[in-house]
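User: I'd like to learn how to read the features of a model like this one. Could you walk me through it, one feature at a time?

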Amino acid sequence: MDLYAALQNELKLLLNEAKRKHPAVKEASEKALMRVTALSRKDVIHVQDIRELCKWEDVWRPLILACESRNPRLVGIALGLLQRLLAHNVVSQGAISNIVSCIAKIGDKDTMADESIQLKILQTVVVLVANAEYRVPSSFLASSFTLCLTLHTSRSAVLHNTSIATLRQLSSVVMERLCSIPRKSPVDAVKAPAFSPAKVTSPTPEGAVPAEQEKAEENERNAFQLLKDFCLIAEGESGVWLKVQATLQTRLFVLELLRGMLLTYSEAIQQLPGFPQVLQTRLCPLLTESISEPPSDLRWLLQILRVAEVVGLGYRSVLGGHEGPLCSAVARLLESTEHPLAAKLIALLVFKDWVDDPSWVHSAYRRSISSTTPNAVAVFVSSVSRLVCGVYGEHCGGAPFYYPSLRVQQL
């Protein structure tokens with residue numbers, strides 16, 4: 001079969017490349033090639049035969065040594081073979097540790113400086129993590145995200161775009177696995193105790209076997225740690241799970257990723273134990289503060305407003321008392337003299353999307369009658385009215401302007 005021929009050819013290529021300067025890789029390649037060649041005695045070679053072959057340590061030894069060699073050529077061959085084996089789904093769960101070890105060995109700065117190696121690492125990570133049959137260690141998943149966020153700031157357009165695509169795929173995989181966890185009923189996430197990395201507090205399905213329960217807990221843990229660290233990085237801090245330096249470029253992209261995850265996986269995220277507390281203590285204060293302050297970078301403010309739109313619309317039930325300050329901050333922005341008109345236009349679109357949802361209007365009304373908080377809709381209408389009057393007066397020479405202002409107030 002083609003995979004068997006490719007396995008032989010790649011090992012031969014690795015053997016020839018390692019002949020002079022890497023005797024350990026050469027010797028290991030010879031042993032692996034002997035074991036692979038022995039399989040040719042069969043009349044027909046099936047995928048299951050390759051799967052059984054990949055269980056032997058002799059097959060993995062030359063790949064691990066090649067990744068340790070710091071030779072870009074050897075590392076490239078080893079990663080190419082790893083991708084091929086993973087793509088054909090012939091690697092057993094027991095051998096995943098070997099692949100993780102191979103990729104972890106490529107830590108030398110000189111080797112990582114090679115753009116082709118960086119691209120192959122990203123491609124291998126996607127193939128490995130996206131396969132639902134493999135359970136990848138959380139530490140490896142975290143290092144993969146860290147690598148992608150680091151390469152995201154690369155000056156190379158190819159690396160930059162590939163790292164963006166890889167981050168989106170990895171984020172989707174983590175969240176899809178969170179959504180795949182069956183639940184008998186929605187979790188009361190607001191009242192749930194704070195999430196502990198050592199143990200997940202949410203109930204697992206009745207009759208679940210220990211392995212399924214452990215897998216569900218790991219999926220929840222990974223999703224929680226990813227979302228929490230995205231909030232920390234957006235604040236400008238270093239993550240606990242993701243060791244990334246929070247530059248402005250990284251924070252902007254993390255906010256974009258976070259918005260997409262909050263929008264697409266709203267139901268699952270709201271049921272994630274402990275994350276509502278992260279929203280209340282981390283993300284909402286960041287949104288309110290960033291909207292209230294004069295913007296130093298318009299891109300940052302626009303991204304913040306886009307996230308605020310999603311949070312204010314889809315997470316009202318878990319925000320506690322933070323929904324009111326967030327709405328007030330957006331309303332004050334409309335009347336601010338220190339914010340650019342572009343930001344005010346985005347704020348108007350945010351308000352439009354909020355009031356288009358009857359449940360949001362009803363929630364704002366109930367909040368106003370149950371507390372001393374002003375009605376958010378009335379505050380927004382008043383702010384919009386003053387904004388329209390101000391823009392009209394600025395661009396129309398201060399001519400009398402009655403109808404639109406009165407009409408907006410009547411709404």
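**Reading the side-chain contacts**

Analyst: Let's start with charged pairs. K55 and E52 meet through their side chains in a salt bridge, with 3.2 Å from N to O. Keep in mind as we go that this is a predicted model.

User: How exposed or buried is E52?

Analyst: E52 is partly exposed, at a relative accessible area of 37%. While we're on charges, R135, E214 and E218 are joined into one network by salt bridges that share partners.

User: How many salt bridges are there by this rule?

Analyst: The count is 14. One of them is formed by the side chains of E17 and R73, at 3.5 Å from N to O. To read such a pair, look at where each partner lies: E17 is in helix α1 (residues 2-17) and R73 in helix α5 (residues 72-87), so the pair ties together parts that are 56 residues apart in sequence. E17 is partly exposed at 34% relative accessibility, and R73 is partly exposed too, at 42%.

User: What about K31 and E27, where do they lie?

Analyst: Both lie in helix α2 (residues 23-38), four residues apart, or about one turn of the helix. Their closest N and O atoms are 3.9 Å apart in the salt bridge. Since the cut-off for a salt bridge is 4 Å, the pair at 3.9 Å is counted. K31 has a relative accessible area of 48% and E27 has 45%; partly exposed is the label for K31 and for E27.

User: Let's turn to rings. Which residues form the aromatic pair?

Analyst: The structure holds one aromatic pair. F145 and W241 make it up, 6.4 Å centre to centre, with 45° between the planes, which is a tilted arrangement. Place it on the chain next: F145 sits in helix α9 (residues 138-151), and W241 in the loop between α11 (210-235) and α12 (248-264), so this pair links distant parts of the chain, 96 residues apart.

User: Are F145 and W241 buried or exposed?

Analyst: F145 is buried, at 0% relative accessibility. W241 counts as buried as well, at 13%.

User: Which charges lie over the face of a ring?

Analyst: Two cases to look at. R35 lies over the face of W56, 3.8 Å from the ring centre. R251 does so over W300, at 4.3 Å from the ring centre.

User: Which residues touch the most other members of the largest nonpolar core?

Analyst: That core has 122 residues, and L242, L262, F275 and L283 touch the most other members. Pick one and follow its contacts. Setting aside neighbours within four places in sequence, L262 is in contact with I269, F275, L283, V307, V310, V311 and Y315.

User: Where is confidence lowest and highest in the chain?

Analyst: It is lowest in helix α20 (residues 403-410), at a mean pLDDT of 44, and highest in α12, at 95. Residues 184-195 have pLDDT below 50, and beyond near neighbours in sequence this stretch has 26 contacts in the model. Over residues 400-411 pLDDT also stays under 50, with eleven contacts beyond four places in sequence. Where pLDDT is low, the predicted coordinates should not be read in detail.

User: And what is the mean pLDDT of the chain?

Analyst: The mean is 82, and 81% of the residues reach 70 or more.

Conventions. Residues numbered from 1 in each chain as written. Predicted model: local features only at pLDDT ≥ 70, side-chain atom pairs only at ≥ 80, totals over all residues. Heavy atoms only, no water. Helix = DSSP H or I, 4+ residues; strand = E, 2+ residues; numbered from the N terminus. Buried < 20%, exposed > 50% of the residue type's maximum accessible area, 1.4 Å probe, protein only. Core = buried A, V, L, I, M, F, W, Y, C linked by side-chain atoms within 4.5 Å. Contact = heavy atoms within 4.5 Å. Phe/Tyr/Trp six-rings, centres within 6.5 Å; stacked < 30°, edge-to-face > 60°. Lys NZ or Arg CZ within 6 Å of the ring centre and 35° of its normal. pLDDT = per-residue confidence, 0-100.
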